[in-house]
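Q: I have a structure open and would like to learn how to read its features one by one. Where should a newcomer begin?
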Amino acid sequence: MRTDTPVSVKLENYTPYPFAIEQAELDFSLEPEATRVRTKMMVKRLAPGAFVLDGVGLTLNGISIDGQPLGDGDYKVDEETLTIASVPDAFELETDVTINPKANTALSGLYISAGRFCSQCEATGFRRITYWPDRPDVMSRFHVRMDADKAKYPILLSNGTPSKTGDLSDGRHFAEWDDPHPKPSYLFALCAGDYDVWRDTFTTMNGDHVDLGVYVDKGQAKRAEWAMESLKASMKWDEERFGRAYDLGVFNIVAVRDFNFGAMENKGLNIFNSAYVLASPDSATDADFEAIESIVGHEYFHNWTGNRITCRDWFQLCLKEGLTVFRDQEFSSDLRSRPVQRIKDVMTLRARQFAEDAGPLAHPVRPQAYGSIDNLYTATVYVKGAELIRALTVLIGDDAFNKGMQIYFDEFDGTASTIEDFYSCFEKASGKDLSQFRLWYAQAGTPEVTVEEAWDEANATLTLKLSQTTPATPEQDTKKPVPIPLRTALLDGNGGHVPAEGWENGETVIALEEAEKTVTVKVPDGSHRPLLSINRQFSAPIRLKRDLDQAALLELAAAETDPFNIWDSFQSLAKAEIFRLLDEPQSPPDEALVTALADAVRQNEQDPAFAALLTVLPDIGELFQERDPADPAGLDAARKRLRKALAEEMASDAERILAKPSPEPFAPTPDQAGTRAMRTAMIGLTGAKGTPEAASSLKALFDGASNMTESLACLRALISIPGKPRDEAISTFYETWKDNPLVIDKWFAVQAGQGTADDARRLSQHPDFDLSNPNRVRSVAAAFAMTNLAAFHAPDGDGHRVIGDIVARIDKLNPALAARLLTSFEQWKKLEPKARASAETVLTNLRAAGLSQNAMDIVARALD
């Protein structure tokens, strides 16, 4: 274990690898505790330099060049590398190593999950399998052979297309796979075991036949049906939207219970956390079905944005991830409701990425340095990265964006590219210089745009003064202006737009490219002052600052024609009211606001998914960012008071909506999901009343629930109302689902997400809590620390100690997971004094505890 701060890897130090490996052959003899890996690589020199390969945890049995074994003095091996100082300009290297997958609790490289072999090589896991230049700019064609005990491991899978298979002596068998597409080592995949499989086929737009398979636990094949439907929908959508067809005859997905991430896009063999594959109406919520659809799409879309075109180095991670998140968001928007999807995406951005931007872990979308590559998989890289792609489409227009994407696919197919490569395509397509736009990738922090308005009635002109600032972040005190595209409209207050000179249908895009900008808009003479709707559809990932009082915000919300801005206006109103209630704890919630919010929900019942979102008040994590010092417990209490007032205002609505039956039979369609979203919103409001009568009603709904969406919503609502109904619901839910680990993950998460530190500690000691399983750890530790901020940041410090203890334990098994949990401390410096002192003590103790490199990187950055 390390106690020092990890040495930074810097973008400025990037140099190309001096060798090409055009072809590689890997031969695996699979045994849980002693897998033998023989690797043959065809190497060609590109530039002067020693031949250095990465390798961690490998036992080297033999090494040769062009068939001649190397002696001890011909090479050097240390804990992380194998170096051969003198090699020919072209040669064949063979290595023979042994690894122990069963002992691999880090779940990086080749490991055992539920008795089956599984690999995870992104970002640097391949070096745990064999010696290799484990970096994304070394792309090779792989031929893989595996042999294993046929009874235990009847199915042998890898990347590409299957070729030879056959039986061997002693009950073993073999399979060979060829991948014709050059790929970096992080995209290598291998799975071996006994599975059930849900099969289907797809015919591409080119007329090519593709065999599809989703491999799951025995007896679970039917629960893979939705994942398969999502895969076929993804393949069709990518053809229609981007003109990209699949390029192999086989596409497989394997579901794995023990997995550090959501899924992995390995070429032709995607490996998924089983939580994002398995679904059935009785055991999965609408949110689960939507997540499976989105994540299956995301990993499939990587085939072109990540696999066919990969990233040159890990600093370019946003190139594949931000772009592919944008693509999966667009996919979900086209399949479901675009306005609802946009709101959900922004909720995620504000809760996760804005917080990251405002704390000690802030970093640019393309960082200049990193201590541990595993810690670069952040909301900033993924979610803000996607927002920058979206802002680009607004800035240059859809036609130029689509043209630029085709240039990108055509010019960089089969390469490892950079952000500069990517944006050169859009400069060609649009004729614009996008060098300033790329500043978004180099600067951390969330820009704040201030809007001031001046109305000249005599000349019928509205003058807008716009300014932008970005706060200082670690190692970046001064920020340059970035191009901020603001979708803007002028509203007449009657559901229409006011005509304006040079604006099409009363709408335009204002590009704020400088620190300050003044825009004067001429409207027809005699017009009343128009209402300004700005940053429509959240066209830029910014904080918007306007000097509007409650009356003006209510007027704007009533006049809005953009669904996102309708929702956002009420978010601004609710946020201001929560802050007022925090500062005036004896004051009742504002009746006018509560009535207006309830009326807005009622007026939008024809779009129940949207109406349901209107009932969701700003998250504590978002509120937290605007108070310094922040008092999470006080914010939580104030938020609950406003929510209770809304619940009382809408009591009759809740009764009316919940009196109707839930749609039957269950189908994960947008229409049904919208209806259930409105029902679960009313269930949540019923629970917000906190009365014994509410608990009784919720228990009756829980007992009669015909689907997991509403069953879980009732349990969540009951958790905060102590008493017999709650206790019975907790017990019944567990007894019903104790044999389904994915559902029991939800049972843990619902309690940890609303309970105390003692509850989190109790759950972490439950017989079903499994420190070796990332899903189960996240269901307690992440649910508590990342969604239950009032309890996690309680002044007594017990919440911090609970998570500190779990991190110390998990770090010994799975450093990547420990580091991810530590990011929950990212806002500790904003806390009120007692909680701040507690967080600092826990972090300081962890720094002295001998943590892994992954965890130490987060702790060091948090404390600096």
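A: Begin with charged side chains, bearing in mind that this is a predicted model. Asp599, Arg602, Glu605, Glu649, Asp653 and Arg656 are linked in a network of salt bridges.

Q: What rule decides that two side chains form a salt bridge, and how many salt bridges are there?
A: A side-chain nitrogen of Lys or Arg has to lie within 4 Å of a carboxyl oxygen of Asp or Glu. By this rule the count is 73 salt bridges.

Q: Which parts does the salt bridge between Asp217 and Arg116 tie together?
A: In this pair the N to O distance is 2.3 Å. Asp217 belongs to the loop between E18 and H1, and Arg116 to strand E11, so the bridge ties together parts that are 101 residues apart in sequence. Asp217 counts as partly exposed, because its relative accessibility is 30%. Arg116 has a relative accessible area of 11% and is therefore buried.

Q: Is Glu122 buried or exposed, and where does Lys320 lie?
A: The side chains of Glu122 and Lys320 meet in a salt bridge at 3.0 Å, N to O. Glu122 sits in the loop between E11 and strand E12 (140-149), while Lys320 sits in helix H3 (residues 317-335), so this pair ties together parts that are 198 residues apart in sequence. Glu122 counts as buried at 5% relative accessibility, and Lys320 is buried with a relative accessible area of 2%.
A further salt bridge joins the side chains of Asp134 and Arg127, at 3.0 Å from N to O. Asp134 is buried, with a relative accessible area of 4%; Arg127 also counts as buried, at 18% relative accessibility.

Q: Now to sheets. In what order do the strands of the five-strand sheet stand?
A: To read a sheet, follow its strands from one edge to the other. Here five strands form an open sheet in the order E17-E18-E19-E21-E20, and the pairing is mixed. Strand E17 (196-203) and strand E20 (263-264) each have a single partner strand, so one side of each is left without a neighbour in the sheet.
Helix H1 (residues 225-242) packs on this sheet and touches E17, strand E18 (209-216) and E19. The direction of H1 makes about 20 degrees with that of E17.

Q: How many bridges join E19 to E21?
A: Strand E19 (residues 250-256) and strand E21 (residues 269-273) run parallel and are joined by five bridges. Val254 stands opposite Ile271 in E21.

Q: Which strands are at the edges of the four-strand sheet?
A: That open sheet has the order E10-E11-E16-E13, with antiparallel pairing. Its edge strands are E10 (109-113) and E13 (155-158), each pairing on one side only. On average, neighbouring strands are turned by 20 degrees against each other, direction ignored.
Five bridges pair E10 with strand E11 (residues 116-120) in the antiparallel sense. Ser113 has Arg116 in E11 as its bridge partner.

Q: Which way do the side chains of a strand point?
A: In a regular strand the side chains alternate between the two faces of the sheet. Strand E30 (residues 531-534) serves as the case: Leu531 and Ser533 point one way, Leu532 and Ile534 the other way, and all are buried. E30 runs antiparallel to strand E27 (residues 484-491), to which four bridges join it. The bridge partner of Leu491 in E30 is Leu531.

Q: What span should helix H19 have?
A: Count the rise along the helix. At 1.5 Å a residue, the 14 residues of H19 (residues 724-737) should span 20 Å, and the end C-alpha atoms are 20 Å apart, which agrees.

Q: Which residues of H19 are buried, and which are exposed?
A: Ala729, Ile730, Phe733, Tyr734 and Trp737 are buried in H19. They cover an arc of only 125 degrees around the axis, which puts them on the same side of H19. Lys724 and Thr736, on the other side of H19, are exposed. The buried residues of H19 pack against helix H17 (692-704), helix H18 (708-719) and helix H20 (741-752).

Q: Last, a single residue: where does Asp636 lie, and why does Asp636 count as buried or exposed?
A: Asp636 is part of helix H14 (residues 632-649). Buried means under 20% relative accessible area. Asp636 has 17% relative accessibility, so Asp636 counts as buried. Leaving aside residues up to four places away in sequence, Asp636 touches Ile620 and Ala790.

Key:
Residues are numbered from 1 along each chain as its sequence is written. This is a predicted model: local features need pLDDT of at least 70, side-chain atom pairs count only at pLDDT 80 or more; totals for chains, interfaces and linings use all residues. Side-chain values use heavy atoms; hydrogens and water are left out. Two strands pair if DSSP finds at least two bridges between them. Helices (H or I, at least four residues) and strands (E, at least two) are DSSP runs, numbered from the N terminus. Contact means heavy atoms within 4.5 Å. Axes are lines fitted to C-alpha atoms, for helices over the stretch in contact, and angles run from 0 to 180 degrees between N-to-C directions. Buried means under 20% relative accessible area, exposed over 50%, partly exposed in between (1.4 Å probe, protein chains only). The expected span of a helix is 1.5 Å times one less than its number of residues. The arc is that of the directions from the helix axis to the C-beta atoms.
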